[in-house]
Amino acid sequence: MAATRKEIIAGLADIVNEIAGIPQDEVTEEKSFTDDLDVDSLSMVEVVVAAEERFGVKIPDDDVKGLKTVGDAVGYIESHQS
Amino acid sequence: MPAAINARPGSPYARIMGVGGYRPSRVVTNEEILERIDSSDEWIRSRSGIVTRHWAGEDETVAEMSVAAAGKAIADAGIGAEQVDAVIVSTVSHFAQTPSIATEIAHRLGAGKPAAFDISAACAGFGYGVTIGTGLIVAGSARHVLVIGVERLSDLTDHEDRSTAFLFGDGAGAVVLGPSPEPAIGPTVWGSEGDKADVITQTVPWDEYRPGDAFPALRQEGQTVFRWAVYEMAKVAQEALDAAGVAPEQLDVFIPHQANMRIIDSMVKTLKLPESVAVARDIETTGNTSAASIPLAMERMLATGQARSGDTALVIGFGAGLVYAATVVTLP
(Lines give C-alpha, C1' and ligand atoms only; values in the text may rest on other atoms or scores of the structure.)
Protein backbone atom coordinates (compact mmCIF):
# COMPACT_ATOMS: atom_id res chain seq x y z
CA MET A 1 0.00 0.00 0.00
CA ALA A 2 1.36 3.41 -0.92
CA ALA A 3 2.63 5.56 1.94
CA THR A 4 0.82 8.82 2.72
CA ARG A 5 2.57 12.15 2.56
CA LYS A 6 2.76 12.20 6.34
CA GLU A 7 4.29 8.74 6.45
CA ILE A 8 6.85 9.71 3.82
CA ILE A 9 7.96 12.77 5.81
CA ALA A 10 8.24 10.66 8.97
CA GLY A 11 10.25 8.04 7.08
CA LEU A 12 12.59 10.63 5.60
CA ALA A 13 13.02 12.19 9.04
CA ASP A 14 14.17 8.81 10.39
CA ILE A 15 16.58 8.38 7.49
CA VAL A 16 18.06 11.88 7.80
CA ASN A 17 18.38 11.38 11.55
CA GLU A 18 20.22 8.09 11.02
CA ILE A 19 22.59 9.47 8.37
CA ALA A 20 23.19 13.09 9.42
CA GLY A 21 22.20 13.00 13.10
CA ILE A 22 19.57 15.72 12.71
CA PRO A 23 16.60 15.45 15.14
CA GLN A 24 13.48 14.07 13.40
CA ASP A 25 11.28 17.07 14.21
CA GLU A 26 13.63 19.40 12.33
CA VAL A 27 13.06 17.49 9.09
CA THR A 28 10.17 19.45 7.61
CA GLU A 29 9.06 20.00 4.02
CA GLU A 30 10.58 23.44 3.48
CA LYS A 31 14.07 22.41 4.68
CA SER A 32 16.92 22.16 2.19
CA PHE A 33 18.96 18.98 2.56
CA THR A 34 22.28 20.72 1.95
CA ASP A 35 21.71 24.11 3.56
CA ASP A 36 19.53 23.22 6.55
CA LEU A 37 20.05 19.55 7.33
CA ASP A 38 23.79 19.00 6.94
CA VAL A 39 23.24 16.44 4.18
CA ASP A 40 26.07 16.90 1.65
CA SER A 41 26.11 15.44 -1.86
CA LEU A 42 27.49 12.09 -0.71
CA SER A 43 25.16 11.77 2.30
CA MET A 44 22.34 12.61 -0.10
CA VAL A 45 23.16 9.41 -1.99
CA GLU A 46 22.82 7.48 1.26
CA VAL A 47 19.50 9.19 1.99
CA VAL A 48 18.26 8.35 -1.51
CA VAL A 49 19.29 4.68 -1.31
CA ALA A 50 17.64 4.34 2.12
CA ALA A 51 14.48 6.03 0.78
CA GLU A 52 14.43 3.69 -2.23
CA GLU A 53 14.48 0.67 0.07
CA ARG A 54 11.93 2.06 2.50
CA PHE A 55 9.38 3.28 -0.05
CA GLY A 56 10.00 0.86 -2.91
CA VAL A 57 10.83 3.58 -5.45
CA LYS A 58 13.73 4.03 -7.89
CA ILE A 59 15.44 7.41 -7.80
CA PRO A 60 18.02 7.62 -10.61
CA ASP A 61 21.11 9.83 -10.12
CA ASP A 62 19.87 12.33 -12.70
CA ASP A 63 16.73 12.92 -10.63
CA VAL A 64 18.61 13.25 -7.33
CA LYS A 65 19.94 16.64 -8.40
CA GLY A 66 16.37 17.98 -8.52
CA LEU A 67 15.65 17.03 -4.92
CA LYS A 68 16.71 20.18 -3.08
CA THR A 69 14.22 20.21 -0.22
CA VAL A 70 12.51 17.58 1.88
CA GLY A 71 9.28 18.58 0.13
CA ASP A 72 10.87 17.84 -3.27
CA ALA A 73 11.77 14.35 -2.09
CA VAL A 74 8.34 13.75 -0.56
CA GLY A 75 6.66 14.80 -3.80
CA TYR A 76 8.97 12.61 -5.87
CA ILE A 77 8.40 9.55 -3.70
CA GLU A 78 4.64 10.15 -3.56
CA SER A 79 4.31 10.28 -7.34
CA HIS A 80 6.72 7.41 -8.07
CA GLN A 81 5.67 4.77 -5.56
CA SER A 82 3.77 1.87 -6.99
CA MET B 1 46.86 -38.14 -35.29
CA PRO B 2 48.19 -34.83 -33.90
CA ALA B 3 51.58 -34.89 -32.16
CA ALA B 4 51.51 -35.25 -28.38
CA ILE B 5 52.22 -31.86 -26.79
CA ASN B 6 53.91 -31.56 -23.43
CA ALA B 7 52.30 -29.30 -20.84
CA ARG B 8 54.23 -27.68 -18.02
CA PRO B 9 52.67 -28.52 -14.67
CA GLY B 10 51.83 -25.52 -12.53
CA SER B 11 51.58 -25.06 -8.80
CA PRO B 12 48.26 -26.12 -7.27
CA TYR B 13 47.87 -22.67 -5.70
CA ALA B 14 49.53 -19.28 -5.44
CA ARG B 15 50.19 -16.84 -2.61
CA ILE B 16 51.44 -13.33 -2.02
CA MET B 17 55.05 -13.76 -0.90
CA GLY B 18 56.06 -10.15 -0.39
CA VAL B 19 54.83 -6.56 -0.67
CA GLY B 20 56.58 -3.23 -1.17
CA GLY B 21 55.64 0.39 -1.68
CA TYR B 22 57.08 3.69 -2.75
CA ARG B 23 55.67 7.07 -1.76
CA PRO B 24 57.10 10.18 -3.39
CA SER B 25 59.12 12.41 -1.05
CA ARG B 26 56.99 15.53 -1.50
CA VAL B 27 54.01 15.72 0.86
CA VAL B 28 51.26 18.03 -0.35
CA THR B 29 48.93 19.53 2.27
CA ASN B 30 45.35 20.68 1.79
CA GLU B 31 46.62 24.24 2.32
CA GLU B 32 48.76 23.88 -0.80
CA ILE B 33 45.79 22.50 -2.77
CA LEU B 34 43.74 25.50 -1.60
CA GLU B 35 46.13 27.90 -3.33
CA ARG B 36 44.41 26.95 -6.60
CA ILE B 37 40.82 26.18 -5.66
CA ASP B 38 38.12 27.99 -3.71
CA SER B 39 37.42 25.50 -0.91
CA SER B 40 38.51 24.77 2.65
CA ASP B 41 40.53 22.24 4.60
CA GLU B 42 37.36 21.30 6.48
CA TRP B 43 35.42 20.74 3.23
CA ILE B 44 38.16 18.55 1.74
CA ARG B 45 38.48 16.49 4.92
CA SER B 46 34.74 15.99 5.34
CA ARG B 47 34.19 15.01 1.68
CA SER B 48 37.23 12.77 1.25
CA GLY B 49 39.06 12.18 4.52
CA ILE B 50 42.27 13.31 2.84
CA VAL B 51 44.70 15.41 4.87
CA THR B 52 47.90 15.02 2.84
CA ARG B 53 48.99 13.20 -0.31
CA HIS B 54 52.33 12.55 -2.01
CA TRP B 55 53.13 14.04 -5.40
CA ALA B 56 56.01 12.81 -7.49
CA GLY B 57 58.87 15.07 -8.44
CA GLU B 58 60.30 15.11 -11.95
CA ASP B 59 62.77 12.34 -11.20
CA GLU B 60 60.15 10.16 -9.53
CA THR B 61 58.95 8.68 -12.79
CA VAL B 62 56.53 5.78 -13.19
CA ALA B 63 59.52 3.48 -13.81
CA GLU B 64 61.57 4.91 -10.93
CA MET B 65 58.76 4.50 -8.38
CA SER B 66 57.98 1.01 -9.68
CA VAL B 67 61.58 -0.17 -9.40
CA ALA B 68 61.74 1.11 -5.82
CA ALA B 69 58.47 -0.57 -4.78
CA ALA B 70 59.23 -3.79 -6.64
CA GLY B 71 62.73 -4.01 -5.16
CA LYS B 72 61.19 -3.94 -1.67
CA ALA B 73 58.55 -6.53 -2.60
CA ILE B 74 61.20 -8.88 -4.02
CA ALA B 75 63.35 -8.51 -0.89
CA ASP B 76 60.26 -9.05 1.30
CA ALA B 77 59.50 -12.23 -0.65
CA GLY B 78 63.01 -13.50 0.00
CA ILE B 79 63.78 -14.27 -3.61
CA GLY B 80 66.24 -12.82 -6.11
CA ALA B 81 65.11 -10.54 -8.95
CA GLU B 82 66.33 -13.16 -11.42
CA GLN B 83 63.68 -15.56 -10.09
CA VAL B 84 60.86 -13.32 -11.34
CA ASP B 85 59.34 -14.96 -14.45
CA ALA B 86 56.70 -12.38 -15.28
CA VAL B 87 56.17 -8.67 -14.60
CA ILE B 88 52.68 -7.17 -14.80
CA VAL B 89 52.33 -3.40 -14.46
CA SER B 90 48.96 -1.74 -14.00
CA THR B 91 48.89 1.99 -14.67
CA VAL B 92 46.86 4.69 -16.40
CA SER B 93 49.51 7.38 -16.03
CA HIS B 94 52.47 6.11 -18.02
CA PHE B 95 52.27 8.37 -21.05
CA ALA B 96 53.85 6.17 -23.70
CA GLN B 97 52.02 3.14 -25.01
CA THR B 98 55.01 1.66 -26.79
CA PRO B 99 57.03 0.03 -25.46
CA SER B 100 55.30 -1.06 -22.28
CA ILE B 101 56.85 0.24 -19.08
CA ALA B 102 56.97 -3.30 -17.68
CA THR B 103 59.95 -4.28 -19.83
CA GLU B 104 62.07 -1.35 -18.64
CA ILE B 105 61.14 -2.04 -15.03
CA ALA B 106 62.00 -5.74 -15.39
CA HIS B 107 65.35 -4.88 -16.94
CA ARG B 108 66.23 -2.31 -14.30
CA LEU B 109 65.40 -4.75 -11.54
CA GLY B 110 67.90 -7.22 -12.99
CA ALA B 111 65.14 -9.75 -13.58
CA GLY B 112 66.77 -11.19 -16.70
CA LYS B 113 64.25 -11.88 -19.45
CA PRO B 114 60.86 -12.33 -17.79
CA ALA B 115 57.58 -11.98 -19.63
CA ALA B 116 56.60 -8.34 -19.10
CA PHE B 117 53.51 -6.35 -20.02
CA ASP B 118 51.23 -3.51 -18.93
CA ILE B 119 47.53 -3.72 -18.19
CA SER B 120 44.90 -0.99 -17.99
CA ALA B 121 42.27 -1.60 -15.34
CA ALA B 122 42.36 1.71 -13.47
CA CYS B 123 41.64 1.39 -9.75
CA ALA B 124 40.91 -2.34 -10.11
CA GLY B 125 44.37 -2.87 -11.65
CA PHE B 126 45.89 -4.51 -8.60
CA GLY B 127 43.17 -7.16 -8.40
CA TYR B 128 43.30 -7.72 -12.14
CA GLY B 129 47.09 -8.15 -11.96
CA VAL B 130 46.94 -10.54 -9.03
CA THR B 131 44.28 -12.59 -10.79
CA ILE B 132 46.31 -12.83 -14.00
CA GLY B 133 49.48 -13.60 -12.04
CA THR B 134 47.77 -16.33 -10.04
CA GLY B 135 46.59 -17.87 -13.30
CA LEU B 136 50.12 -17.85 -14.70
CA ILE B 137 51.46 -19.67 -11.64
CA VAL B 138 48.69 -22.25 -11.53
CA ALA B 139 49.00 -22.85 -15.28
CA GLY B 140 52.76 -23.38 -15.06
CA SER B 141 53.60 -20.32 -17.19
CA ALA B 142 55.53 -18.66 -14.38
CA ARG B 143 56.76 -19.53 -10.90
CA HIS B 144 57.16 -16.02 -9.51
CA VAL B 145 55.14 -13.08 -10.78
CA LEU B 146 55.72 -9.44 -9.91
CA VAL B 147 52.54 -7.34 -9.93
CA ILE B 148 52.99 -3.57 -9.76
CA GLY B 149 50.36 -0.84 -9.45
CA VAL B 150 51.85 2.58 -10.17
CA GLU B 151 50.40 6.02 -10.80
CA ARG B 152 51.38 9.66 -11.18
CA LEU B 153 47.81 10.92 -10.98
CA SER B 154 49.01 14.44 -10.17
CA ASP B 155 49.82 14.60 -13.90
CA LEU B 156 46.18 13.78 -14.73
CA THR B 157 44.65 16.20 -12.23
CA ASP B 158 42.87 19.44 -13.06
CA HIS B 159 44.41 21.50 -10.27
CA GLU B 160 41.74 24.16 -10.69
CA ASP B 161 38.75 21.78 -10.36
CA ARG B 162 37.46 22.04 -6.81
CA SER B 163 35.74 18.63 -6.98
CA THR B 164 38.88 16.62 -7.86
CA ALA B 165 42.01 18.74 -7.25
CA PHE B 166 42.49 17.38 -3.72
CA LEU B 167 41.71 13.76 -4.51
CA PHE B 168 44.64 12.21 -6.28
CA GLY B 169 48.12 11.15 -5.26
CA ASP B 170 51.17 9.42 -6.70
CA GLY B 171 52.99 6.26 -5.73
CA ALA B 172 53.77 2.63 -6.48
CA GLY B 173 52.89 -0.62 -4.75
CA ALA B 174 54.05 -4.11 -5.67
CA VAL B 175 53.61 -7.71 -4.66
CA VAL B 176 55.47 -10.88 -5.56
CA LEU B 177 53.25 -13.89 -6.18
CA GLY B 178 54.65 -17.40 -5.94
CA PRO B 179 53.61 -21.04 -5.67
CA SER B 180 51.79 -22.30 -2.61
CA PRO B 181 50.87 -25.80 -1.39
CA GLU B 182 47.55 -24.52 -0.03
CA PRO B 183 45.09 -21.85 -1.22
CA ALA B 184 46.19 -18.34 -0.15
CA ILE B 185 44.41 -16.31 -2.82
CA GLY B 186 40.67 -16.89 -3.10
CA PRO B 187 38.55 -16.89 -6.23
CA THR B 188 38.40 -13.40 -7.75
CA VAL B 189 34.99 -11.84 -8.27
CA TRP B 190 35.69 -9.43 -11.10
CA GLY B 191 34.01 -7.81 -14.03
CA SER B 192 33.23 -4.68 -16.01
CA GLU B 193 30.20 -2.46 -16.58
CA GLY B 194 30.84 -0.75 -19.89
CA ASP B 195 27.41 0.85 -19.83
CA LYS B 196 28.92 3.14 -17.20
CA ALA B 197 32.04 3.96 -19.24
CA ASP B 198 31.24 7.68 -19.12
CA VAL B 199 31.12 7.92 -15.32
CA ILE B 200 34.91 8.25 -14.86
CA THR B 201 36.86 9.50 -17.86
CA GLN B 202 39.84 11.41 -19.11
CA THR B 203 38.67 14.91 -20.17
CA VAL B 204 40.45 14.81 -23.56
CA PRO B 205 41.50 11.63 -25.41
CA TRP B 206 45.19 11.65 -26.41
CA ASP B 207 44.41 11.74 -30.13
CA GLU B 208 42.46 14.98 -29.64
CA TYR B 209 44.97 16.63 -27.36
CA ARG B 210 47.10 19.39 -28.92
CA PRO B 211 50.07 21.16 -27.29
CA GLY B 212 48.80 24.30 -25.63
CA ASP B 213 45.45 22.75 -24.73
CA ALA B 214 44.56 22.08 -21.12
CA PHE B 215 46.28 18.78 -20.28
CA PRO B 216 43.90 15.79 -20.02
CA ALA B 217 42.61 15.21 -16.50
CA LEU B 218 40.46 12.68 -14.69
CA ARG B 219 36.84 13.64 -14.13
CA GLN B 220 34.03 11.73 -12.50
CA GLU B 221 30.36 11.92 -11.65
CA GLY B 222 30.83 11.90 -7.91
CA GLN B 223 27.35 10.87 -6.76
CA THR B 224 27.07 8.08 -9.34
CA VAL B 225 30.49 6.72 -8.44
CA PHE B 226 29.68 6.93 -4.74
CA ARG B 227 26.41 5.04 -5.10
CA TRP B 228 27.99 2.34 -7.27
CA ALA B 229 31.07 2.00 -5.08
CA VAL B 230 29.22 1.77 -1.78
CA TYR B 231 26.21 -0.34 -2.69
CA GLU B 232 27.19 -2.39 -5.75
CA MET B 233 30.77 -2.98 -4.61
CA ALA B 234 29.62 -4.09 -1.16
CA LYS B 235 27.75 -6.88 -2.96
CA VAL B 236 30.88 -7.80 -4.92
CA ALA B 237 32.95 -7.82 -1.73
CA GLN B 238 30.38 -10.09 -0.10
CA GLU B 239 30.50 -12.41 -3.13
CA ALA B 240 34.29 -12.63 -2.81
CA LEU B 241 33.93 -13.59 0.86
CA ASP B 242 31.33 -16.22 -0.03
CA ALA B 243 33.45 -17.58 -2.90
CA ALA B 244 36.42 -17.93 -0.55
CA GLY B 245 34.23 -19.53 2.10
CA VAL B 246 35.32 -16.94 4.65
CA ALA B 247 32.78 -15.56 7.13
CA PRO B 248 33.03 -11.87 8.14
CA GLU B 249 34.04 -12.96 11.68
CA GLN B 250 37.00 -14.86 10.22
CA LEU B 251 38.28 -11.79 8.43
CA ASP B 252 41.21 -9.89 9.98
CA VAL B 253 41.72 -7.08 7.50
CA PHE B 254 39.71 -5.15 4.90
CA ILE B 255 41.68 -3.31 2.22
CA PRO B 256 39.32 -1.54 -0.20
CA HIS B 257 40.71 0.67 -2.95
CA GLN B 258 41.51 3.98 -1.28
CA ALA B 259 39.14 6.14 -3.33
CA ASN B 260 37.53 8.26 -0.64
CA MET B 261 37.18 7.85 3.14
CA ARG B 262 33.43 8.30 2.85
CA ILE B 263 33.21 5.35 0.45
CA ILE B 264 35.36 3.24 2.77
CA ASP B 265 33.23 4.10 5.83
CA SER B 266 29.95 3.47 4.03
CA MET B 267 31.22 0.17 2.59
CA VAL B 268 32.21 -1.03 6.05
CA LYS B 269 28.72 -0.11 7.28
CA THR B 270 26.93 -1.74 4.33
CA LEU B 271 29.03 -4.92 4.63
CA LYS B 272 28.36 -5.01 8.41
CA LEU B 273 31.98 -5.94 9.09
CA PRO B 274 32.70 -6.82 12.72
CA GLU B 275 34.69 -4.21 14.66
CA SER B 276 37.55 -6.67 14.98
CA VAL B 277 38.35 -6.23 11.28
CA ALA B 278 41.20 -3.74 10.70
CA VAL B 279 40.19 -1.38 7.90
CA ALA B 280 42.73 0.31 5.60
CA ARG B 281 42.40 4.09 5.81
CA ASP B 282 45.66 4.94 4.10
CA ILE B 283 43.85 7.51 1.97
CA GLU B 284 44.17 10.06 4.79
CA THR B 285 47.87 10.60 4.06
CA THR B 286 48.16 9.12 0.57
CA GLY B 287 45.13 10.30 -1.43
CA ASN B 288 43.68 8.19 -4.21
CA THR B 289 46.54 6.46 -6.05
CA SER B 290 44.38 4.20 -8.23
CA ALA B 291 46.13 0.90 -9.00
CA ALA B 292 48.78 1.55 -6.34
CA SER B 293 46.40 2.12 -3.44
CA ILE B 294 45.78 -1.46 -2.28
CA PRO B 295 49.41 -2.66 -2.18
CA LEU B 296 50.47 0.66 -0.62
CA ALA B 297 47.85 0.29 2.10
CA MET B 298 48.76 -3.37 2.57
CA GLU B 299 52.42 -2.52 3.06
CA ARG B 300 51.64 0.25 5.53
CA MET B 301 49.25 -1.87 7.59
CA LEU B 302 51.86 -4.62 7.88
CA ALA B 303 54.61 -2.11 8.70
CA THR B 304 52.58 -0.37 11.42
CA GLY B 305 51.25 -3.56 13.02
CA GLN B 306 47.61 -2.89 12.04
CA ALA B 307 47.84 -6.16 10.12
CA ARG B 308 50.06 -9.18 10.55
CA SER B 309 51.64 -11.73 8.26
CA GLY B 310 49.23 -14.64 7.88
CA ASP B 311 46.15 -12.47 8.40
CA THR B 312 43.15 -13.05 6.16
CA ALA B 313 42.36 -9.94 4.13
CA LEU B 314 39.53 -8.96 1.81
CA VAL B 315 40.75 -6.70 -0.99
CA ILE B 316 38.55 -4.92 -3.51
CA GLY B 317 39.42 -2.51 -6.30
CA PHE B 318 36.92 -0.58 -8.39
CA GLY B 319 37.11 2.31 -10.80
CA ALA B 320 37.02 3.70 -14.32
CA GLY B 321 35.52 1.32 -16.86
CA LEU B 322 33.70 0.73 -14.73
CA VAL B 323 35.71 -2.27 -13.57
CA TYR B 324 36.08 -4.16 -10.31
CA ALA B 325 37.94 -7.06 -8.73
CA ALA B 326 37.63 -8.51 -5.23
CA THR B 327 39.33 -11.45 -3.57
CA VAL B 328 40.36 -12.81 -0.20
CA VAL B 329 44.10 -13.27 0.39
CA THR B 330 46.48 -14.38 3.10
CA LEU B 331 48.81 -11.48 3.87
CA PRO B 332 52.54 -12.07 3.32
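**Close-up views of chains A and B**

**View 1. The stretch of chain B from residue 117 to residue 194 in a predicted model.** Over residues 117–194, chain B is 19% helix and 33% strand. The C-alpha atoms at the two ends of this stretch are 23 Å apart. In UniProt, an unreviewed entry places the feature "domain: Beta-ketoacyl-[acyl-carrier-protein] synthase III N-terminal" at these residues.

**View 2. An open sheet of five strands in chain B, with β1 and β5 at its edges.** The strand order is β1-β7-β6-β4-β5, and the pairing is mixed. Strands β1 (13–22) and β5 (115–119) of chain B each have a single partner strand, so one side of each is left without a neighbour in the sheet. On average, neighbouring strands of this sheet are turned by 20 degrees against each other, direction ignored. Strand β4 (residues 86–90) of chain B pairs with β5(B) in the parallel sense, over five bridges. V87(B) stands opposite A116(B), a residue of β5(B). Helix α3 (residues 62–77) of chain B packs on the sheet and touches β1, β4, β6 (145–152) and β7 (170–180) of chain B. The direction of α3(B) makes about 130 degrees with that of β1(B). Helix α9(B) also packs on this sheet, touching β1, β6 and β7 of chain B, and its direction makes about 85 degrees with that of β1(B).

**View 3. A five-stranded open sheet of chain B, with β8 and β12 at its edges.** Here the order is β8-β14-β13-β11-β12, again with mixed pairing. Strands β8 (189–192) and β12 (278–279) of chain B have a single partner strand each, so one side of each is left without a neighbour in the sheet. Strand β11 (residues 253–256) of chain B runs parallel to strand β13 (residues 312–319) of chain B, and four bridges join them. F254(B) has L314(B) in β13(B) as its bridge partner. Helix α9 (residues 293–304) of chain B lies across β11, β12 and β13 of chain B, at about 150 degrees to β11(B).

**View 4. The stretch of chain B from residue 241 to residue 330.** This span is 34% helix and 24% strand, and its end C-alpha atoms lie 13 Å apart. The feature that UniProt places here, from an unreviewed entry, is "domain: Beta-ketoacyl-[acyl-carrier-protein] synthase III C-terminal".

**View 5. Helices α6 and α7 of chain B, and the side of chain B that touches chain A.** The axes of α6 (residues 222–244) and α7 (residues 261–271) of chain B come within 9 Å and cross at roughly 45 degrees. The two helices are therefore oblique to each other, and the crossing is right-handed. Among the residues that meet are F226(B) and M233(B) in α6(B), and I263(B) and L271(B) in α7(B). By class, this contact has ten nonpolar, three polar and no charged residues. Nine residues of chain B are in contact with eight residues of chain A. α6(B) gives the most to the side of chain B that touches chain A, with six residues. That side divides into two nonpolar, four polar and three charged residues.

**View 6. Helices α1 and α5 of chain A.** Helix α1 (residues 5–20) and helix α5 (residues 70–80) of chain A pack at an angle of about 125 degrees, with their axes 10 Å apart. They are therefore oblique to each other. The contact includes I8(A) and L12(A) of α1(A), and V74(A) and I77(A) of α5(A). Seven residues of this contact are nonpolar and two are charged, with no polar residues.

Methods: Residues are numbered from 1 along each chain as its sequence is written. Chains are lettered from A and ligands numbered from 1 in the order in which they are written. This is a predicted model: local features need pLDDT of at least 70, side-chain atom pairs count only at pLDDT 80 or more; totals for chains, interfaces and linings use all residues. UniProt positions are given in the numbering used here, feature names are shortened, and annotations may be inferred rather than shown by experiment. Two strands pair if DSSP finds at least two bridges between them. Two residues are in contact if their C-beta atoms, placed from the backbone, lie within 7 Å. Axes are lines fitted to C-alpha atoms, for helices over the stretch in contact, and angles run from 0 to 180 degrees between N-to-C directions. Angles under 35 degrees count as roughly parallel, over 145 as roughly antiparallel, 65 to 115 as roughly perpendicular and the rest as oblique. Ala, Val, Leu, Ile, Met, Phe, Trp, Tyr, Cys and Pro count as nonpolar, Asp, Glu, Lys and Arg as charged, and the others, Gly among them, as polar. A crossing is left-handed if the near helix is turned anticlockwise from the far one by less than a right angle, and right-handed if clockwise.
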